[in-house]
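I opened this model to look up a few charged and polar side chains and one small sheet. My entries follow in the order I made them.

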Amino acid sequence: WLSGISAGVNESLYKTSDGGQTWVADVYEIELNNRNTNVLFKAQPSTVFAAGGLDDVNGFILKSNDNGNLWQMVYQWTDNEVYSGTYISSNQIAVCGPNGFIQTSSDNGVSWSVPQIEDPQYTPILNEIIFIDEFIGYCVGGQVGEDSTSLILRTIDGGLNWSIVYNETSPCLNAVEKVTENILYAAGDYGIILKSEDGGLTWLKQDISVNPGQDIFAIDFFNEHIGGFSGRWGNVIIYYD
């Protein structure tokens with residue numbers, strides 16, 4: 001519980017061994033040509049993945065078998081950047097990104113498959129992907145600009161097929177989080193927050209009086225009683241019942 005890894009723009013990598021009180025700069029020892037790390041996620045007990053890219057292209061995924069001490073390049077995508085990645089189960093992982101990009105792997109990233117995705121009638125940005133068990137997963141994003149949309153995709157077969165469960169004219173979504181078996185939240189630009197109480201089948205916008213209306217990039221719930229949303233300009237919304 002005392003060791004941790006943080007990564008970000010321009011190949012930056014930091015490690016802590018004291019529960020986050022102090023951080024030390026480190027390197028991947030792999031030439032990334034100034035690419036950004038957009039996501040870190042853990043798989044088996046000592047396996048960690050790092051993924052990213054630059055300017056929506058030159059995507060990559062790295063793997064460490066010793067909790068982030070030594071890294072190896074596993075795969076690269078010339079035409080796509082990885083915005084988010086997640087562990088599913090038994091060497092299965094999934095990634096997503098711009099231009100409607102979702103791919104899944106059943107061998108810890110060595111080879112990749114392109115799933116069937118229901119067409120939202122535009123090319124979406126896909127900002128975060130999660131799985132709540134080995135079969136059911138969610139991917140959120142949409143479209144930014146004057147014709148912005150909120151898009152939520154759902155799979156019930158481990159990522160082989162994705163269907164649309166929400167696709168509305170509203171701000172693009174950046175994050176999704178499971179709270180309980182039935183409750184999920186999604187959030188995004190201009191402070192939009194959606195909630196599902198039926199396991200992700202239907203979603204409703206949440207009118208929260210303390211919401212500053214700034215872009216939300218992350219959601220984290222400890223349980224159904226306490227959690228939070230965080231985003232631009234350091235804004236944090238805490239839920240506590």
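**Entry 1: the sheet.** In what order do the three strands of the open sheet lie, and is the pairing parallel or antiparallel? I am working from a predicted model. I read the order as β1-β2-β3, with antiparallel pairing. The edges are taken by β1 (4–7) and β3 (24–26). Each of these has a single partner strand, so one side of each has no neighbour in the sheet. I also looked up the turn between neighbouring strands here, which averages 35° with direction ignored.

I then took the pairing of β1 with β2 (residues 13–16). Four bridges join the two strands, which run antiparallel. I noted one pair by residue: Ala-7 has Leu-13 of β2 as its bridge partner. As a general reminder to myself, strands of a sheet pair through backbone hydrogen bonds.

**Entry 2: salt bridges.** How many salt bridges does the structure hold? I found three.

I started with Asp-26 and Lys-15, whose closest N and O atoms are 2.8 Å apart. Asp-26 lies in strand β3 and Lys-15 in strand β2, so this salt bridge ties together parts that are eleven residues apart in sequence. I checked the exposure of both partners. Asp-26 is partly exposed at a relative accessible area of 29%, whereas Lys-15 is buried at 16%.

Next I looked at Lys-195 and Glu-197, which form a salt bridge with closest N and O atoms 3.2 Å apart. Lys-195 counts as buried, because its relative accessibility of 18% falls under the 20% limit. Glu-197 is exposed, with a relative accessible area of 57%.

The side chains of Asp-215 and Arg-232 also meet in a salt bridge, at 2.9 Å from N to O. This pair links distant parts of the chain, 17 residues apart. Asp-215 sits in the loop between β19 (204–205) and β20 (216–223), and Arg-232 in the loop between β21 (226–231) and β22 (236–240). I have Asp-215 as buried, with a relative accessible area of 13%, and Arg-232 as partly exposed, with 33%.

**Entry 3: Asp-189.** Which side chain of opposite charge is nearest to Asp-189, and how far away is it? I found Arg-232, 5.8 Å away. Asp-189 is buried yet has no salt bridge; the distance to Arg-232 does not meet the 4 Å cut-off, so the pair is not counted as one. I had already listed Arg-232 as the salt-bridge partner of Asp-215.

I placed Asp-189 in the loop between β17 (184–188) and β18 (193–196). Its side chain does have a polar contact of 2.9 Å with the side chain of Asn-174. Leaving aside neighbours within four places in sequence, I listed the contacts of Asp-189 as Val-144, Pro-171, Cys-172, Asn-174 and Asp-215. Asn-174 therefore enters my notes on Asp-189 both as a contact and, by the cut-off of 3.5 Å, as a polar partner.

**Entry 4: Asn-108.** Is Asn-108 buried or exposed? I have Asn-108 as buried, at 8% relative accessibility. I found Asn-108 in the loop between β10 (101–105) and β11 (116–117). With neighbours within four places in sequence left aside, Asn-108 is in contact with Gln-44, Phe-49, Lys-63, Val-74, Asn-91 and Ile-93.

How values were computed: Residues are numbered from 1 along each chain as its sequence is written. This is a predicted model: local features need pLDDT of at least 70, side-chain atom pairs count only at pLDDT 80 or more; totals for chains, interfaces and linings use all residues. Side-chain values use heavy atoms; hydrogens and water are left out. Buried means under 20% relative accessible area, exposed over 50%, partly exposed in between (1.4 Å probe, protein chains only). Lys and Arg count as positive and Asp and Glu as negative; His and the chain ends are not counted. A polar contact is a pair of N or O atoms within 3.5 Å; within protein, one must be able to donate a hydrogen and the other to accept it, and residues adjacent in sequence count only if both atoms are side-chain atoms. Contact means heavy atoms within 4.5 Å. Two strands pair if DSSP finds at least two bridges between them. Axes are lines fitted to C-alpha atoms, for helices over the stretch in contact, and angles run from 0 to 180 degrees between N-to-C directions.
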